Each structure stands twice: as structure tokens, then as C-alpha cells.
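Below are some points that I would raise with a colleague who is looking through this entry. Please read them with the sequence and the structure at hand.

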Amino acid sequence: MPRYKLIIEYDGTPFSGWQIQDNAPTVQGALEAAVMAICGEQVRVHGSGRTDAGVHALGQVAHCDIKKPFPPGRLRDGLNAHLRPHPIGVLSAEIVADDFEARFSAKKRHYRYRITNARANLALDIKRSWRIPRHLDTDTMHIAAQRLLGKHDFTTFRDTECQAKSPEKTLDQLDVVRDGDAVSILTSARSFLHSQVRSMVGSLVWVGEGRWSADDLAAALAARNRAACGPVAPPEGLYLVRVEY
């Protein structure tokens, strides 16, 4: 039975996240329905991570085992045909080793959070960026962000319903980059806690607005207390960019 690796992009706006649910549309559910349509099998499509409702992906990775062998290009095209009109695109499909796991084989995950720092209302980027009309000091945000790098207990930036066994994670990158009104927060790690990226982004915005200093951000991390976190950034600005193996 061949194992297929899929690279997928999607607009998370109409979905209640990646993970399949009984009474809500999900990315995983749409993909599994597409597999069923082309091969008649009830197949579990395993993702590299469970993006939340409204979160987007440019390079989500998934794997599935299908009894009927398909040329990878034909599988990709067949899935895309049956995924319409969902805003999901299977960018590629390839046959991989039987021990490949989209989630557990991953060595690093890369996320981007988009902020539009402008007075004007969003037009083309509605539900795809977080509009903040107040000026953000992105240089100060970037300097403060470096205080979160390395291995820490990230309880402060962890959702209260997070199911991870440990709050300790090693953050490899957290950069704040401005290009005109467009602000990108780029982060990478082997894995993240539930809502960790959005929690860090919201707290960095407080730094950019002058409500917090870099020391305040570091103190929030050291508190290891969810109540010490700043606001949680909305999901629409977050993108899973790619996964390394």
C-alpha cells in the first residue's frame, strides 16, 4: 500500500480548522472526502499540524495510505478536481517511505503572521491579515522578540486547552520585518504549543504600541502564567508557510 505525501495550501476562512469534526467544515474532512471520491476508500489524511479555525496554509504537509496505486500527478489532479469549490489546493503529491509521518517526521515548522499597519480599511486582504491602524514600532518589536528565542517554558503563551505534554519548546526564529505598511512576523521551531504563535504576536503588538517594553515581554515569559500574556492575535493573519523534514 503506497504512502503519499501531499503539500497543500488553503484559505482557512470557511473552515473550523484542520482537524475533522462531526458538525463543522474542516480541511481534513474535505481532503478525506476527496480521497473517498477518487478511490472509494475511507482514508485518514494525517496533517503535520492542526491549524486553528481561520488560519491559512501555504505549505501544509499531510500523508495518507491508499490501497489503489496512483501516479502522483494523477492523484494530485484528482484530489484538486474533487476539492472544488473549497479553497484548498493540493500543490504536489509524491510516494514516500512507509515510515514517513507528516507530523512526527517534521524537523521544523515555519509560520508567518501578517499585519497591515495602515489607517485604511482592508480591501483585498480581508480575513488574510490583521489590520492595526495605530503605528507599530517594529524595530522595538524585533529587539524584544529576541528575548523569546531558545528553550523556555512557554506556559504564558499557551492556550489553556493545549494538550501538549510539556510547555517547554525551543524557539529558533522570531523576526519582525516591515515593508511599508506590511509587517511580517516570521517564526520557526520544531513544534509549537496551541495558540503559541498568535499569543506571542499579540504580546509583541503591545510592545510595538508602547504598552510593553522588552523587559515586560521577558517578564511575561518568566511568569509561566497564562494570565500574564498580552492579547491573542486573530487567526486570519497566521499562515503555515512550510514544514522541513
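**Notes on a predicted model**

1. In the antiparallel pairing of β5 with β9, Y111 stands opposite T187, and the two strands, which run antiparallel, are joined by 8 bridges. The model is a predicted one, and the points that follow should be read with that in mind.

2. Y111 itself, a residue of strand β5, is one that UniProt lists in an unreviewed entry under "binding site". How buried or exposed is Y111 in the model? The relative accessible area of Y111 is 13%, so the residue falls under the 20% limit and counts as buried. Leaving aside residues up to four places away in sequence, Y111 touches I185, L186 and T187, together with F192 and V197, and also L238, Y239, L240 and V241. The record is unreviewed, and such annotations may be inferred rather than shown by experiment.

3. Strand β9 also pairs with β8 (residues 168–179), again in the antiparallel sense and over 8 bridges, and within this pairing L186 of β9 is the bridge partner of D175. Of the 8 residues of β9, 6 are buried, which is why the strand can be described as largely enclosed by the rest of the structure. In the hairpin that β8 and β9 form, 2 residues lie between the strands, and G180 takes a positive phi near 65 degrees there.

4. The loop between β5 (108–116) and β6 (130–131) contains N117, which counts as buried because its relative accessibility is 7%. What does the side chain of N117 meet in the way of a polar partner? A polar atom of that side chain lies 2.8 Å from the backbone oxygen of I132. When residues up to four places away in sequence are not counted, the contacts of N117 comprise I132, P133, R134, H135 and L136, as well as R178, D181 and V183.

5. The structure holds 6 aromatic pairs, of which two are taken up here. The ring centres of Y10 and W18 are 6.4 Å apart with the planes at 35 degrees, so this pair is tilted, and both Y10 and W18 are buried. For Y113 and W130, the centres are 6.2 Å apart and the planes stand at 85 degrees, so that pair is edge-to-face. The pair of Y113 in strand β5 and W130 in strand β6 links distant parts of the chain, the two residues being 17 residues apart, and both Y113 and W130 are buried.

6. Some backbone details deserve a check against the displayed model. A cis peptide bond, with omega at about 5 degrees, joins R84 and P85, and P85 lies in the loop between α2 (72–83) and β4 (88–96).

7. Positive phi values in residues other than glycine should be looked at as well. S195, in the loop between β9 (182–189) and α4 (196–209), has a phi near 70 degrees, a positive value in a residue other than glycine, and with a relative accessible area of 10% S195 is buried. R224 also has a positive phi, near 50 degrees, and is found in the loop between α5 (214–223) and β10 (238–244). Is R224 buried or exposed? R224 counts as exposed, because its relative accessibility is 54%.

Note on methods:
Residues numbered from 1 in each chain as written. Predicted model: local features only at pLDDT ≥ 70, side-chain atom pairs only at ≥ 80, totals over all residues. Heavy atoms only, no water. Helix = DSSP H or I, 4+ residues; strand = E, 2+ residues; numbered from the N terminus. Buried < 20%, exposed > 50% of the residue type's maximum accessible area, 1.4 Å probe, protein only. Polar contact = N/O pair within 3.5 Å; in protein donor to acceptor, adjacent residues only side chain to side chain. Contact = heavy atoms within 4.5 Å. Phe/Tyr/Trp six-rings, centres within 6.5 Å; stacked < 30°, edge-to-face > 60°. Pairing = 2+ DSSP bridges.
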